[in-house]
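Here are some worked exercises to try with the model open beside you. Have a go at each task before you read its solution.

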Amino acid sequence: MSQDIVLQTEGLCKYWGGLKALDNMNLAFHDKSLHGIVGPNGAGKSTLLNMLCGAYKPTSGRILHQGDAIEDIRGYEFVRRGIGRGFQKTNIYPQATCLENCCVAAQRRTGGSFNIFAMRNRDKLLIEMADEALLRVGLGHRRDTVAAQISYGEQRQLEIAMVLATAPSVLLLDEPMAGMGHEESRLIIELLQTLKTDYCIVLVEHDMDAVFELSDQLTVMVNGQHLVTGTVEEVRNDVRVKEAYLGQGDEVI
Ligand SMILES: Nc1ncnc2c1ncn2[C@@H]1O[C@H](COP(=O)(O)OP(=O)(O)OP(=O)(O)O)[C@@H](O)[C@H]1O
């Protein structure tokens, strides 16, 4: 295995009854780079992310993290290993402050302990992790603001901060630009440009301009099948990809 591969799938499959939502997926995700995943609706992109973060168990196949097979470990252990997942639909507690939201996320990494004497130090650590994450996404000034009171775009930034607060090495992001206007999307694109210098990022995103701008490697999936993986240029020039997107009104490749 190449040294900078952080996460890898081997023959990964997910079947729902007779439906092959994901079939024989062999992918390698590298450190300090962004791997885009695109494909028409129902291609299996979210299913893939759900398995990479431990939310779904594969029907068959393997997931390797730093060379260890992890497909059978429990969901919370994925977070403890540094595999962080952001969600397509917002996952925040609206009545909690941005800091509190990030502390809850950080706790998923550190784990809960009922040792009362350890509490003070643990809280300090959680707050440090949460503060660092908020600063990283540019939400330091919103630290003590209730999440319901920040803009939609800021809520999506908060989602990313909540993943960062789990101190991950892998970021799995599902449509972080969904529903955003141009200016808000730009902020997220710039954020991901800086984050990908430090993390292994797997990005599922329908905004093709954003994916093309950000991806070091790009995978196209269709109907649960792998179609092609390559650089943006390689993918854009691939005849099979053009065919797969024919008739897809909202996405032009
Ligand atoms: N829990 C489930 N039970 C049964 N079928 C499911 C389940 N989750 C997903 N599927 C099916 O698996 C296939 C892949 O779905 P998935 O959500 O992974 O696609 P996607 O590429 O993320 O699509 P979109 O771009 O629309 O979000 C679809 O046919 C979907 O209906």
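## Before you start

This is a predicted model, in which local features need pLDDT of at least 70 and side-chain atom pairs count only at pLDDT 80 or more, while totals for chains, interfaces and linings use all residues. Residues are numbered from 1 along each chain as its sequence is written.

## Exercise 1: the whole chain

Task: find how many helices and strands the chain has, and what percentage of its residues is buried.

Solution. Start with the elements: the chain has nine helices and ten strands. Helices (H or I, at least four residues) and strands (E, at least two) are DSSP runs, numbered from the N terminus. Next comes burial: 40% of the 253 residues are buried. A residue is buried if 20 or more other C-beta atoms lie within 10 Å of its own, exposed if 12 or fewer, and partly exposed in between, with C-beta atoms placed from the backbone. Finally, look at contacts, which require C-beta atoms, placed from the backbone, within 7 Å. Among contacts between residues at least 6 apart in sequence, 68% join residues at least 24 apart.

## Exercise 2: an open sheet

Task: work out the strand order of the open sheet of four strands, and explain why E2 and E5 each have a side without a neighbour in the sheet.

Solution. The order is E2-E1-E4-E5, with antiparallel pairing. E2 (19–30) and E5 (68–69) stand at the edges with a single partner strand each, so one side of each has no neighbour in the sheet. Two strands pair if DSSP finds at least two bridges between them. For E1 (residues 5–16) and E2, there are eight bridges in the antiparallel sense. Now check the register: Leu-7 is opposite Phe-29 in E2, and Tyr-15 is opposite Lys-20 in E2. E1 and E2 form a hairpin with two residues between them, and Gly-17 in that turn has a positive phi of about 60°.

## Exercise 3: the shell around the ligand

Task: list the residues that surround the ligand, then find which element gives the most to the shell.

Solution. Apply the cut-off for being near a molecule, a C-beta atom, placed from the backbone, within 6 Å of it. The ligand is then surrounded by Trp-16, Leu-19, Ala-21, Gly-39, Asn-41, Gly-42, Ala-43, Gly-44, Lys-45, Ser-46 and Thr-47. Sort these by element: E2 and helix H1 (45–52) each supply at least two residues, and H1 gives the most, with three. Then sort by class: four are nonpolar, six polar and one charged. Here Ala, Val, Leu, Ile, Met, Phe, Trp, Tyr, Cys and Pro count as nonpolar, Asp, Glu, Lys and Arg as charged, and the others, Gly among them, as polar.

## Exercise 4: helix H3

Task: compare the span of H3 with its expected value, and find which of its residues are buried.

Solution. H3 (residues 98–110) has 13 residues. The expected span is 1.5 Å times one less than the number of residues, which gives 18 Å for H3; the model reaches 19 Å from the first C-alpha to the last, close to that value. The buried residues in H3 include Cys-98, Leu-99, Asn-101 and Cys-102, and also Cys-103, Ala-105, Ala-106 and Gln-107. Just after H3, Gly-111 takes a positive phi of about 85°.

## Exercise 5: two domains

Task: locate the two domains and describe the side of domain 1 that touches domain 2.

Solution. The bounds, from an automatic or database domain assignment, are 1–32 + 42–82 + 169–228 for domain 1 and 94–167 for domain 2. Their centres, taken over C-alpha atoms, are 23 Å apart. Each domain gives twelve residues to the contact. On the domain 1 side, helix H2 (75–80) and helix H6 (182–195) are the elements that give two or more residues. H6 has the largest share, four residues. By class, this side has eight nonpolar, two polar and two charged residues.

## Exercise 6: positive phi outside glycine

Task: are Lys-32 and Glu-175 buried or partly exposed?

Solution. Phi of Lys-32 is near 50°, and phi of Glu-175 is near 50°. Lys-32 lies in the loop between E2 and strand E3 (33–38), and is partly exposed because 15 other C-beta atoms lie within 10 Å. Glu-175 is in the loop between strand E7 (170–174) and H6, and counts as buried because it has 20 C-beta neighbours inside 10 Å.

Definitions and conventions: Two residues are in contact if their C-beta atoms, placed from the backbone, lie within 7 Å.
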